[in-house]
Amino acid sequence: MTKHTHSFQAEVAQLLHLVTHSLYSNKDIFLRELISNASDACDKLRFEALANPALYEDQPQLEIRISYDRDARTLTITDNGIGMSEQEAIEHLGTIAKSGTREFFSRLTGDQKQDAQLIGQFGVGFYSGFIVADRITVESRRAGLSSDAGVRWSSEGTGAFEVEPITREARGTSVILHLREDALEYASAWKIKEIVRKYADHISLPILLEKETWQEGKDGEPGRMVKTGEWETINQATALWTRPKKDITDEQYIAFYQQITHDFEPPLAWTHNRVEGSTEYIQLLYIPKHAPHDLWLRERKSGLKLYVKRVFIMDDAEALLPAYLRFIKGVVDSNDLPLNVSRELLQESRDVKAIREGNTRRVLALLEDLAAHDRLPEGEAAAALSDEDKAKAGKYTTFWSEFGAVLKEGLGEDLANRDRIAKLLRFASTQSDTPSVSLADYKARMKEGQEAIYYLTAESLAAAKNSPQLELFRKKGIEVLLMTDRVDEWAMNFLTEFEGTPLQSVARGEADLAKLQDEAEKKAVEEASTAFKPVLERLKTALGERVEDVRVSARLVDSPACLVVPEGGMSPQLARMLKAAGQKVPEVKPILEVNPAHPLVQKLENAEGSRFDDLAQILLDQAVLADGALPEDPAAYVRRVNALLAAAD
Ligand SMILES: Nc1ncnc2c1ncn2[C@@H]1O[C@H](COP(=O)(O)OP(=O)(O)OP(=O)(O)O)[C@@H](O)[C@H]1O
């Protein structure tokens with residue numbers, strides 16, 4: 001029989017190094033990960049056996065067995081699931097096929113605590129065995145293959161692993177951990193039971209442990225524990241989501257979440273329901289505490305685990321959730337779908353549509369509940385709150401900072417729930433640097449006579465706060481929402497009003513600015529426009545194709561000029577975003593608004609020839625800069641400003 005040595009894929013070697021160095025304080029999780037793999041292997045067998053029952057051979061009862069040998073210092077986890085062929089063992093245990101692998105490695109910092117957190121999100125799975133073992137041997141035989149097609153895989157978790165063919169009667173996989181000196185505590189019944197109770201109680205398969213009894217010593221030998229050859233089931237062995245809510249503790253909900261997501265942190269919140277009626281299903285949906293490292297990757301897998309009548313069908317069933325809820329984790333168990341349902345079929349199924357809508361409603365309701373309890377009320381109202389509600393304080397703020405930008409996509413994607421999503425939005429504003437202002441908060445603070453909810457989009461909060469567009473609003477004490485997520489420009493296109501009040505970008509059009517001005521201000525602008533007409537005409541000629549129009553501004557107080565998007569035109573931020581995404585964008589020329597009260601603008605009146613042209617170009621380029629973009633010809637801009645500075649006394 002030939003033994004072959006293979007090298008690990010570079011990323012695996014790197015991960016193994018991290019696992020043994022960073023996860024040390026979290027040792028117990030290795031058993032959860034290996035039990036989870038064993039359970040997945042049984043799920044896969046059950047699924048393949050739907051089409052080919054012969055795969056069960058003479059062992060239809062799927063189970064996981066754990067045994068240990070204190071003398072040999074081994075701990076073995078055996079399942080009778082799908083098993084692996086030699087080729088599968090080489091591929092699955094020697095490479096990482098996950099999406100976002102490269103991105104994950106690029107984000108490691110070298111700081112153990114931070115990295116451990118990241119690894120937790122990435123999921124180390126099988127390799128976590130090396131936290132407690134200095135050698136792992138895997139023996140396996142794939143269901144459906146003959147007993148001489150078994151494989152033994154073995155590695156010390158450094159650069160390489162060995163593979164050799166073996167004969168193995170039993171279908172499935174044994175993972176044999178050769179325990180490190182400082183991990184011998186895991187070769188004990190109470191320790192194993194403790195971990196299983198904590199992390200794997202809810203697994204739907206029985207987990208069996210070999211029984212021991214105390215044997216008195218004979219002939220001067222000390223007494224010791226000996227194996228009895230009998231096995232006892234040490235978990236509840238019913239799928240968690242099928243149990244009534246009242247029988248499930250928070251710890252069990254959390255452990256289940258951690259098992260399906262590999263997250264080290266508990267979830268932020270969850271909702272568990274049995275839905276009855278024309279489409280029957282169970283949903284158990286979790287909101288994680290942190291955004292995954294690959295939330296923005298296009299090829300990222302997302303979605304829920306789908307079961308049909310307790311039989312596992314697939315991971316990442318994305319048809320069960322709209323894309324803007326792709327951060328939700330959990331399980332859906334349907335009573336109506338056929339067992340042989342495929343991904344393609346899911347897209348078209350009416351039952352799936354009903355489930356997706358049901359899931360969406362539940363998640364939005366969960367978010368509404370968190371949002372309602374985000375701030376603790378003061379005084380007596382706080383005392384009247386239940387402990388459960390008190391514990392919700394601050395959770396929505398966490399949710400929003402992690403996933404708010406994703407939820408905003410829902411404005412464009414989910415017409416039916418747009419109003420509910422709008423209520424869940426939070427923004428920074430001229431009155432709050434943190435994104436904590438809801439549209440309802442804003443409305444409640446609107447000034448007498450104010451008819452719109454004003455907002456400004458910008459590249460960063462600093463750029464937004466210093467934008468010249470805000471000057472009039474500041475002067476009038478009118479709050480403006482400040483939006484700095486990339487998705488805002490796009491998303492706000494879909495939100496034109498909130499509970500009857502229009503939303504209005506402060507960088508757009510001029511129409512209703514007039515409503516914010518008093519008579520004297522209006523008159524001043526009109527007069528300035530007339531008096532300034534010749535200068536405006538000359539500016540238009542000097543700037544030519546670069547602008548749509550030049551006019552006197554009603555919104556500027558301290559700055560000389562700013563750009564305004566023509567009514568109905570695409571904003572420059574959105575145009576830049578679409579261009580960056582490779583899309584064709586219609587050219588929209590901005591309107592330049594000038595402030596006749598500003599000394600720089602006043603200088604124009606007496607400037608002639610090339611000096612006028614230079615000042616005009618500088619005025620426009622500075623307005624472009626204040627808008628967060630680069631001047632069309634940055635070098636020319638610098639040259640003109642330098643010439644101006646040199647000429648100044
Ligand atoms: N007990 C097992 N039986 C059959 N195949 C297994 C078993 N354990 C692991 N494997 C195979 O090895 C692969 C890698 O396992 P690993 O735990 O590293 O990652 P994973 O389970 O795919 O991902 P994650 O841990 O993030 O869920 C699995 O996808 C599976 O194909």
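Which residues have the most contacts inside the largest nonpolar core? Keep that in mind while you get your bearings; this is a predicted model.

**Whole chain.** Show everything as a cartoon. You'll see 23 helices and 23 strands. The radius of gyration is 32 Å, well over the 26 Å that the globule rule gives for 649 residues, so the chain is more spread out than a compact globule. Turn it along its principal axes and the C-alpha atoms fill a box of roughly 115 × 55 × 50 Å. Of the 649 residues, 36% count as buried.

**The core.** Now for that opening question: select Ile-35, Ile-207, Leu-320, Tyr-455, Leu-456, Val-480 and Leu-481, which have the most contacts inside a core of 147 residues. Then add helix α2, residues 29–51, which gives the most to this core, with nine residues.

**Zoom in on Tyr-455.** Leaving aside neighbours within four places in sequence, Tyr-455 is in contact with Val-480, Leu-481, Met-483, Met-492, Leu-503, Ser-505 and Val-506.

**Colour by domain.** Use four colours: domain 1 (4–230), domain 2 (236–424), domain 3 (425–516) and domain 4 (518–649).

**Where domains 2 and 3 meet.** Hide the other domains. The C-alpha centres of domain 2 and domain 3 lie 31 Å apart, and their contact takes twelve residues from domain 2 and 15 residues from domain 3. On the domain 2 side, select α12 (395–413) and α13 (418–424), which each supply at least two residues. The largest share of that side, eight residues, comes from α12. Colour that side by class and you'll find five nonpolar, three polar and four charged residues.

How values were computed
Residues are numbered from 1 along each chain as its sequence is written. This is a predicted model: local features need pLDDT of at least 70, side-chain atom pairs count only at pLDDT 80 or more; totals for chains, interfaces and linings use all residues. A nonpolar core is a set of buried Ala, Val, Leu, Ile, Met, Phe, Trp, Tyr and Cys residues joined through C-beta atoms within 7 Å. A residue is buried if 20 or more other C-beta atoms lie within 10 Å of its own, exposed if 12 or fewer, and partly exposed in between; C-beta atoms are placed from the backbone. Helices (H or I, at least four residues) and strands (E, at least two) are DSSP runs, numbered from the N terminus. Two residues are in contact if their C-beta atoms, placed from the backbone, lie within 7 Å. The radius of gyration is taken over C-alpha atoms; the globule rule is 2.2 Å times the number of residues to the power 0.38. Domain bounds come from an automatic or database domain assignment. Ala, Val, Leu, Ile, Met, Phe, Trp, Tyr, Cys and Pro count as nonpolar, Asp, Glu, Lys and Arg as charged, and the others, Gly among them, as polar.
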